[in-house]
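Here are some short exercises to work through with the model open in your viewer. Try each task before you read its solution.

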Amino acid sequence: MIYDLSKNNCIANTFIAELRDEQIQKDAMRFRKNMERLGTFFAYEISRTLKYKEIETQTPLGTAKSQVLAQQPVLATILRAGIPMHQGMLSVFDQAESAFITAYRKTKKNGDFIIQMEHISAPDLEGKTVILVDPMLATGLSIVLCAKELINSYKIEKLHIVAAIASTEGVAHVKANLPKASLWLGAIDSEMTSKSYIVPGLGDAGDLAYGIKQ
């Protein structure tokens, strides 16, 4: 399943427009806030697909029946760019456990790169719904590598992948390698540069949120 936010008229598209805007991007705090708000929006949308159970709550005047989550998802994030969206999701799934993954592009002398994954810190994911967040889904190599590492280590019940901006190539790569995963995307762009940056995209999400890395 692929959910493409850009095909729907809603306020969240305003967040994406501001994330792309090179003038608004100069305000790092606003950039982080828009990523956070987008995470909140996707958390709400994903919550509509989860399993619920009925409970009874005692109020001062009687008993009320409510539908609550049967199980909290686990929020998995690729550092460092994924932190703002992760925080937005955590504000909705406020009882959820979190997993953090360190992965980055390691560039070779000829300009090619590989995805280097160095560390995973995760709770028990056995039988859990996992929401994996990375703001930019370019080639799809990072998402697939990290997701497969989690899948090979745990029997995950359901995998959701969330990105603010994706490329058509990246989406195709994820679909081919993670056919059971659900994709939640803010927008899908058709081009990438020779260095595999999405066009028009928005630039380097990690640098825009936290400063240019050396």
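**Exercise 1. Find how much space lies in the largest pocket, and which residues lie nearest its centre.**

Step 1. In this predicted model, the largest pocket holds about 790 Å³ of space.

Step 2. Its lining is made up of 31 residues. Nearest the centre of the pocket lie Tyr104, Arg105, Tyr197, Asp204 and Lys213.

**Exercise 2. Work out which helices and strands supply the lining of the largest pocket, and how its residues divide by type.**

Step 1. Look for elements that supply at least two lining residues each: these include strand 4 (74–79), strand 5 (97–107), strand 6 (113–121) and strand 8 (136–137). Helix 4 (141–153) and helix 6 (205–210) also do so.

Step 2. Strand 5 gives the largest share, with five residues.

Step 3. Sort the lining by residue type: 15 are nonpolar, ten polar and six charged.

**Exercise 3. Take the salt bridge between arginine 30 and glutamate 18, and decide what it ties together.**

Step 1. A search of the whole structure gives nine salt bridges. In one of them, the side chains of arginine 30 and glutamate 18 meet at 2.8 Å, N to O.

Step 2. Arginine 30 belongs to helix 2 (residues 28–47) and glutamate 18 to helix 1 (residues 12–20), so the bridge ties together parts twelve residues apart in sequence.

Step 3. Buried means under 20% relative accessible area. Glutamate 18, at 15%, therefore counts as buried, whereas arginine 30, at 37%, is partly exposed.

**Exercise 4. Repeat the reasoning for aspartate 189 and arginine 20.**

Step 1. Their side chains form a salt bridge at 3.0 Å, N to O.

Step 2. Aspartate 189 sits in strand 10 (residues 182–189) and arginine 20 in helix 1, so this pair links distant parts of the chain, 169 residues apart.

Step 3. Aspartate 189 is buried at 7% relative accessibility, while arginine 20 is partly exposed at 24%.

**Exercise 5. Start from the salt bridge of arginine 80 and aspartate 207, and find which residues its network joins.**

Step 1. The two side chains meet at 2.5 Å, N to O.

Step 2. Arginine 80 lies in the loop between strand 4 and helix 3 (83–92), and aspartate 207 in helix 6, so the pair ties together parts 127 residues apart in sequence.

Step 3. Arginine 80 is partly exposed at 27% relative accessibility; aspartate 207 is buried at 19%.

Step 4. Follow the shared partners: salt bridges join Arg80, Asp204, Asp207 and Lys213 into one network. Two of these names should ring a bell, as Asp204 and Lys213 are among the residues nearest the centre of the largest pocket.

Definitions and conventions: Residues numbered from 1 in each chain as written. Predicted model: local features only at pLDDT ≥ 70, side-chain atom pairs only at ≥ 80, totals over all residues. Heavy atoms only, no water. 1 Å grid on protein atoms, 1.4 Å probe; cavity = no way out; pocket = protein on both sides within 12 Å on 5 of 7 lines; lining within 4 Å. Points joined across faces, edges and corners; volume = space filled by probe spheres on them. Helix = DSSP H or I, 4+ residues; strand = E, 2+ residues; numbered from the N terminus. Nonpolar A, V, L, I, M, F, W, Y, C, P; charged D, E, K, R; others polar. Salt bridge = Lys/Arg side-chain N within 4 Å of Asp/Glu carboxyl O. Buried < 20%, exposed > 50% of the residue type's maximum accessible area, 1.4 Å probe, protein only.
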